[in-house]
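Student: I'd like a close look at one part of this protein, the packing around one of its helices. Could you start with the big picture and then zoom in?

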Amino acid sequence: MDFFGTILWPIKWVIEAILVGFHWSFSQLGLDPAAGLTWVLSIVGLVLIVRAALIPIFVRQIKSQRKMLEVAPELKKIQDKYRGKKDQFSREAMQRETMALYQRAGTNPLSSCLPLLIQMPIFFSLFSVLNEARQDKAGVGLLSQELADQYTNATLFGVAPLKYSLVDAFNYGNVAVTVIAIAMILIMTASQFYTQLQIMSKNQTPEMKASPMYRQQRILLYILPVVFLFSGLAFPIGVMFYWLTSNIWTLVQQWLVIRNMPTPGSEAALAREARLAKKRRNLIETDAEALAEFVHEEPQKPVTTQRQQPVGKNRAKKQGPKK
């Protein structure tokens with residue numbers, strides 16, 4: 001086993017355990033263990049578990065990026081202060097002031113990139129497990145040779161082998177795989193484009209939109225979907241189910257983050273403030289209406305619990321008739 005395989009071995013073992021666990025569960029519910037639908041549902045369950053486990057890392061990444069945005073103006077002042085000074089003393093002084101700024105803010109550029117670095121081996125292991133299974137190779141853990149055989153020979157609805165890619169479908173004339181693969185590639189491309197568009201159009205401040213980095217990101221907005229479009233030609237549809245589920249999860253997760261945790265000063269932050277202000281106005285109006293109804297209600301006569309003492313006939317005549 002090479003160095004890279006040694007690093008990925010424990011991650012692949014855990015991923016296979018989750019995949020086989022879902023496959024066993026769906027089989028116990030009555031689905032055919034060798035059917036493509038059982039394996040597709042197992043892949044979807046695997047992606048959901050892995051993405052849910054990565055939520056804390058994603059939240060940490062968002063917080064780190066926010067702090068980096070908050071210190072960006074002060075960082076620019078430091079860079080402007082030492083602009084054009086290339087002597088060693090100035091470079092060391094600039095580095096000290098920069099590190100002191102990061103320390104006061106409780107962040108650094110590496111902390112915002114670290115979650116991404118952690119996610120990369122996990123997703124690569126996911127892809128590797130599914131790709132090796134479709135090549136009829138047993139896994140490193142619970143994915144036995146028998147299960148690998150089942151996955152290799154599995155077909156979706158009896159007509160679309162999970163191991164076929166769009167290129168294979170053209171070569172073998174499989175219409176079902178062609179239709180499914182093209183539909184999935186289009187959905188994957190559209191979801192990837194919309195996810196990036198949400199970030200670029202709603203979650204960026206005016207200062208960031210005026211920066212050169214924003215123009216570079218805008219170019220990537222159109223390049224990445226094209227990459228998906230062409231790379232999807234070679235992916236087997238079993239692997240594409242993993243990628244599609246992951247894309248949809250990312251789209252929904254990004255929508256929730258932009259809606260509830262927008263970048264300060266962005267269009268999404270203004271929209272959130274407007275929603276909160278409207279909600280507060282509605283609460284105030286509701287309280288005012290309830291108070292008005294209470295004031296206009298007729299006050300009820302107090303109910304007395306004091307016992308009426310019996311009065312004799314002679315005393316009653318003296319008191320006169322009851323009114």
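Student: How many helices and how many strands does the protein have? And once we get to helix H5, which residues does Leu 126 touch, leaving out those up to four places away in sequence?

Tutor: Let's start wide. The model is predicted, so local features need pLDDT of at least 70 and side-chain atom pairs count only at pLDDT 80 or more, while totals for chains, interfaces and linings use all residues. Residues are numbered from 1 along each chain as its sequence is written, and side-chain values use heavy atoms, with hydrogens and water left out.

The protein has 13 helices and two strands (DSSP runs numbered from the N terminus: H or I of at least four residues for helices, E of at least two for strands). Of its 323 residues, 33% count as buried (under 20% relative accessible area; over 50% is exposed, in between is partly exposed, with a 1.4 Å probe and protein chains only). Take the contacts (heavy atoms within 4.5 Å) with a separation of 6 or more: 69% of them join residues 24 or more positions apart.

The unreviewed UniProt entry carries the annotation "transmembrane region" for residues 7-26, 38-59, 109-130, 172-194 and 219-244; such annotations may be inferred rather than shown by experiment, and the positions follow the numbering used here, with shortened feature names. How do two of those stretches look in the model? Residues 7-26 are 100% helix and 0% strand, with 31 Å between the end C-alpha atoms. For residues 219-244 the figures are 81% helix and 0% strand, and the end C-alpha atoms sit 23 Å apart.

Now for your close-up. Leu 126 belongs to helix H5, which runs over residues 109-134. With a relative accessible area of 1%, Leu 126 is buried. Setting aside residues up to four places away in sequence, Leu 126 touches Ile 15, Leu 46, Val 50 and Tyr 242. Put those next to the UniProt ranges and you'll see that Ile 15 falls within 7-26, Leu 46 and Val 50 within 38-59, and Tyr 242 within 219-244. Another way to see the link to the start of the chain is through Glu 16: its C-alpha atom is 8.6 Å from that of Leu 126, though the two positions lie 110 residues apart along the chain.

Step back one residue and you reach Ser 125, also in helix H5. Ser 125 counts as buried, at 0% relative accessibility. Apart from its neighbours within four places in sequence, Ser 125 is in contact with Leu 8, Ile 11, Lys 12 and Ile 15. So Ile 15 turns up for Leu 126 as well as for Ser 125.

What about the other side of that story, helix H1? Helix H1 spans residues 3-28 and includes Ala 17. Ala 17 has 22% relative accessibility and therefore counts as partly exposed. Its C-alpha atom is 9.5 Å from that of Leu 46, with the two positions 29 residues apart in sequence. Recall that Leu 46 is also one of the residues touched by Leu 126.

For comparison, try another buried leucine. Leu 221 sits in helix H10, residues 212-231, and at 1% relative accessibility it counts as buried. Beyond its neighbours within four places in sequence, Leu 221 is in contact with Phe 193, Gln 196 and Leu 197. Gln 192 and Leu 221 are 29 residues apart in sequence, and their C-alpha atoms are 8.8 Å apart in space.

Finally, a contrast away from the helices. Phe 157 is in the loop between strand S1 (155-156) and strand S2 (160-161). Its relative accessible area is 66%, so Phe 157 is exposed. Its phi is near 55°, a positive value in a residue other than glycine. Most residues other than glycine have a negative phi. If you're browsing the model, jump from Phe 157, exposed at 66%, back to Leu 126, buried at 1%.
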